Amino acid sequence: MNYVSLKNCASMKVEEKIVEILTEKKWHIACAESCTGGLVASRLIDVAGVSNVLNLSIITYANDAKTKFLNVSPNTIKKHGVVSEEVTREMAKGIAKLAASEVGIATSGIAGPGGGTKFKPVGMVCFGLFIKDKVYTYTKYFSNLSRNEVRQAAVEFVLNKLFELIGF
């Protein structure tokens, strides 16, 4: 591990590791959440000292909010659907730019119990992670879980993925 200053790394929660790394790098983070409804930011806010790195968090549940605040193209939404890696890519870039942050996190998904389709089932969540001008996107399927379990699983995934990307 590159970050030897991570004290008691094994016993630290992932959000604590993230805040410590961001603090060391003097980076800032911003979150644009749809299906997770602020849960990503909430986990980060649980960590003392997060005020040094968390610039902004917004819940952009409506498509209009995504286009107005995050500069997501209506054409991207029309072509790929709001639950897509293409949209979360634009969301992550948009929130990072809006908040003048080196890191931007975006989530969009179908938590259920309704709203799923054959091609986009309940439990499908897309993620965008903007890190220093590079964007990573992912899609995960959290099948056979309740609405809140899907949301919690999505938060766990995106925080662990962020740690993986910035921590090594």
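Which handedness, left-handed or right-handed, does the crossing of helix 3 and helix 5 have? In this predicted model, the crossing of these two helices is left-handed. The axes of helix 3 (residues 63-70) and helix 5 come within 9 Å and cross at roughly 45 degrees. Because angles from 35 up to 65 degrees are neither roughly parallel nor roughly perpendicular, helix 3 is oblique to helix 5. Helix 3 contributes Lys-66, Phe-69 and Leu-70 to the contact, and helix 5 contributes Val-87, Glu-90, Met-91, Gly-94, Ile-95 and Leu-98. By class, six nonpolar, one polar and two charged residues make up this contact.

Helix 5 is also associated with the sheet. Five strands form this open sheet, in the order 2-1-3-4-5 and with mixed pairing. Strand 2 (54-59) and strand 5 (134-141) are the edge strands, each of them pairing on one side only. On average, and with direction ignored, neighbouring strands of the sheet are turned by 10 degrees against each other. Within the sheet, strand 3 (residues 103-109) and strand 4 (residues 124-131) run antiparallel and are joined by seven bridges. Val-103 has Ile-131 of strand 4 as its bridge partner.

Helix 5 (residues 85-98) lies across strand 1 (29-33), strand 2, strand 3, strand 4 and strand 5, and runs at about 145 degrees to strand 3. Helix 6 (residues 147-167) likewise packs on the sheet, where it touches strand 1, strand 3, strand 4 and strand 5. The direction of helix 6 makes about 30 degrees with that of strand 4.

Helix 6 is packed against helix 1 as well, at an angle of about 35 degrees and with the two axes 10 Å apart. The crossing of helix 1 and helix 6 is left-handed. On the side of helix 1, the contact is made by Val-14, Glu-15, Lys-17, Ile-18, Ile-21, Leu-22 and Lys-25. Helix 6 supplies Glu-156, Leu-159, Asn-160, Leu-162, Phe-163, Ile-166 and Gly-167. Eight nonpolar, two polar and four charged residues are found in this contact when it is divided by class.

Salt bridges were also examined. A search of the whole structure finds three of them. One salt bridge is formed by Arg-43 with Glu-15, whose closest N and O atoms are 2.8 Å apart. This pair links distant parts of the chain, as Arg-43 lies in helix 2 (residues 39-45) and Glu-15 in helix 1 (residues 14-25), 28 residues apart. Glu-15 is thus named both in this salt bridge and in the contact of helix 1 with helix 6.

Notes: Residues are numbered from 1 along each chain as its sequence is written. This is a predicted model: local features need pLDDT of at least 70, side-chain atom pairs count only at pLDDT 80 or more; totals for chains, interfaces and linings use all residues. Side-chain values use heavy atoms; hydrogens and water are left out. Two strands pair if DSSP finds at least two bridges between them. Helices (H or I, at least four residues) and strands (E, at least two) are DSSP runs, numbered from the N terminus. Axes are lines fitted to C-alpha atoms, for helices over the stretch in contact, and angles run from 0 to 180 degrees between N-to-C directions. Contact means heavy atoms within 4.5 Å. Angles under 35 degrees count as roughly parallel, over 145 as roughly antiparallel, 65 to 115 as roughly perpendicular and the rest as oblique. A crossing is left-handed if the near helix is turned anticlockwise from the far one by less than a right angle, and right-handed if clockwise. Ala, Val, Leu, Ile, Met, Phe, Trp, Tyr, Cys and Pro count as nonpolar, Asp, Glu, Lys and Arg as charged, and the others, Gly among them, as polar. A salt bridge is a side-chain nitrogen of Lys or Arg within 4 Å of a carboxyl oxygen of Asp or Glu.
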